[in-house]
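Me: I am new to this structure and would love a close look at one part of it. Could you take me to a place where two helices meet, and then show me what lies around it?

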Amino acid sequence: MLSFEPKRTTFVLETLFCNIHTIPVKHGHLLRRYLLTKVVDINATRCGHIGKKIELYGKIISELTEYELCPERLRLYIFLGVSLTMITLTAISIHIVYTRYRYHVRVWLYSRGFSWLKKKDDRDSDKKHDAFLSFSDKDLDFVRIHLIPELEEKNPFYSTFVPPRDMQAGKFEIDYLMEEVKNSKRIIILLSQNYIDNEFCMEVFRVAFASCLEEKLYRLIPIIIGTLPPVSELDPFLKAAIESTKCLRFGQRLFWEMVRFAMPDKTLEVEEVGNENDMDMPLLNAW
């Protein structure tokens with residue numbers, strides 16, 4: 001056991017005080033208290049040359065801090081603090097990015113085969129068409145060039161009702177369209193200035209929107225092309241639809257992935273031949 005004479009001295013606490021990092025931290029303050037009570041001139045006692053701890057040479061022992069005596073522990077605290085800060089900042093950044101781009105992340109993952117990310121709903125499984133296309137006659141070329149090839153001619157080969165191509169002769173147009181709207185799992189609305197200016201198109205839209213509200217199953221897929229008036233100037237039904245659903249804009253990033261994400265899940269089935277509807281004559285043979 002070490003003992004200290006109550007006389008004025010300068011000495012080196014080579015194995016005890018300046019190497020205090022070898023002592024558990026919980027005993028460090030006991031050691032300091034012991035020295036303060038046993039060494040008369042502790043306030044004038046300085047450290048000598050202590051091996052690698054040359055930075056402590058000449059410093060008054062009573063003024064040394066725990067971190068000066070235990071630099072390894074200080075470095076550990078700094079490392080843990082920096083690591084925790086980095087982990088926290090990374091987690092916050094990921095949360096912000098996911099919150100802002102959650103829909104896009106889900107769409108991208110769904111397009112890569114993570115089909116479980118999409119909530120399945122079988123309430124409209126008995127409907128005849130995968131989608132009903134509602135558009136202005138002035139946008140017919142756009143539908144022919146862009147929508148139909150992508151939806152009908154590429155996997156998973158959706159079945160779509162496209163007026164006037166699929167209109168049947170001898171049926172009153174508005175009633176027949178309303179029936180087909182209700183028989184479709186999704187209603188793709190090609191929103192353009194031409195569509196808004198066409199009262200017949202807007203009537204089809206109102207019926208489709210009312211049908212969705214009645215069934216409590218939102219089935220609209222609005223696709224915007226061109227420039228539209230401010231939302232405040234739109235038809236009340238159209239305004240409500242735009243504000244309550246995800247509107248897609250043709251040409252935006254992941255556009256077709258978003259369309260397929262919004263469409264019903266499609267399973268490939270063997271089509272029956274000789275369907276009775278094959279005998280129906282289209283209203284427009286020039287499609």
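Reply: Happy to! Let us start where helix α5 (residues 140-152) meets helix α10 (residues 255-262): their axes come within 12 Å and cross at roughly 55 degrees. That angle makes α5 oblique to α10, and the crossing in which α5 passes α10 is right-handed. Please keep in mind that this is a predicted model.

Now look at the residues that do the touching. On the α5 side they are His 146, Leu 147, Glu 150 and Leu 151, and they meet Trp 256, Val 259 and Arg 260 of α10.

Next, follow the chain out of α5. The loop between α5 and β2 (160-161) holds Pro 156, and the peptide bond that leads into Pro 156 from Asn 155 is cis, with omega near 15 degrees. Phe 157 sits in the loop between α5 and β2 as well. Its backbone is worth a glance: phi of Phe 157 is near 55 degrees, a positive value in a residue other than glycine. Is Phe 157 buried, exposed or partly exposed? Its relative accessibility is 42%, so Phe 157 counts as partly exposed, since that class lies between the 20% and 50% limits.

Keep going past β2 and you come to a loop that runs from β2 to α6 (173-182), where Pro 164 is found. Here the peptide bond from Pro 163 to Pro 164 is cis, with omega near 0 degrees.

Let us return to α10 and look at the stretch that leads into it. Leu 254 lies in the loop between β5 (248-249) and α10. Leu 254 is not a glycine, yet it has a positive phi of about 65 degrees. With a relative accessibility of 19%, Leu 254 counts as buried, because the limit for that class is under 20%.

Another buried residue to find is Lys 185, which belongs to strand β3 (residues 184-191). Its relative accessible area is 14%, so Lys 185 is buried. Which residues does Lys 185 touch, leaving aside those up to four places away in sequence? They are Asp 124, Ser 125, Lys 127, His 129, Asp 130, Arg 219 and Pro 264.

For a second helix pair to set beside the one we began with, try helix α8 (residues 199-215) and helix α9 (residues 236-244). These pack at an angle of about 55 degrees, with their axes 10 Å apart. That makes α8 oblique to α9, and the crossing of α8 and α9 is left-handed. From α8, the contact uses Met 202, Phe 205, Arg 206 and Phe 209, while α9 brings Phe 237, Leu 238, Ala 240 and Ala 241.

Finally, step back to see the setting. The protein has ten helices and five strands, and 37% of its 287 residues count as buried. Among contacts between residues at least 6 apart in sequence, 70% join residues at least 24 apart. The protein exposes about 18400 Å², with 57% of that supplied by carbon and sulfur atoms. One more stretch to pick out is residues 76-98, where an unreviewed UniProt entry places the feature "transmembrane region". In the model, the chain over residues 76-98 is 100% helix and 0% strand, and its end C-alpha atoms are 33 Å apart.

Technical notes: Residues numbered from 1 in each chain as written. Predicted model: local features only at pLDDT ≥ 70, side-chain atom pairs only at ≥ 80, totals over all residues. Heavy atoms only, no water. Helix = DSSP H or I, 4+ residues; strand = E, 2+ residues; numbered from the N terminus. Buried < 20%, exposed > 50% of the residue type's maximum accessible area, 1.4 Å probe, protein only. Contact = heavy atoms within 4.5 Å. Areas by Shrake-Rupley, 256 points an atom, 1.4 Å probe, with all protein chains shown as cover. UniProt positions renumbered as here; feature names shortened; annotations may be inferred. Axes fitted to C-alpha atoms, helices over the stretch in contact; angles between N-to-C directions. Parallel < 35°, antiparallel > 145°, perpendicular 65-115°, else oblique. Left-handed = near helix turned anticlockwise from the far one by under 90°.
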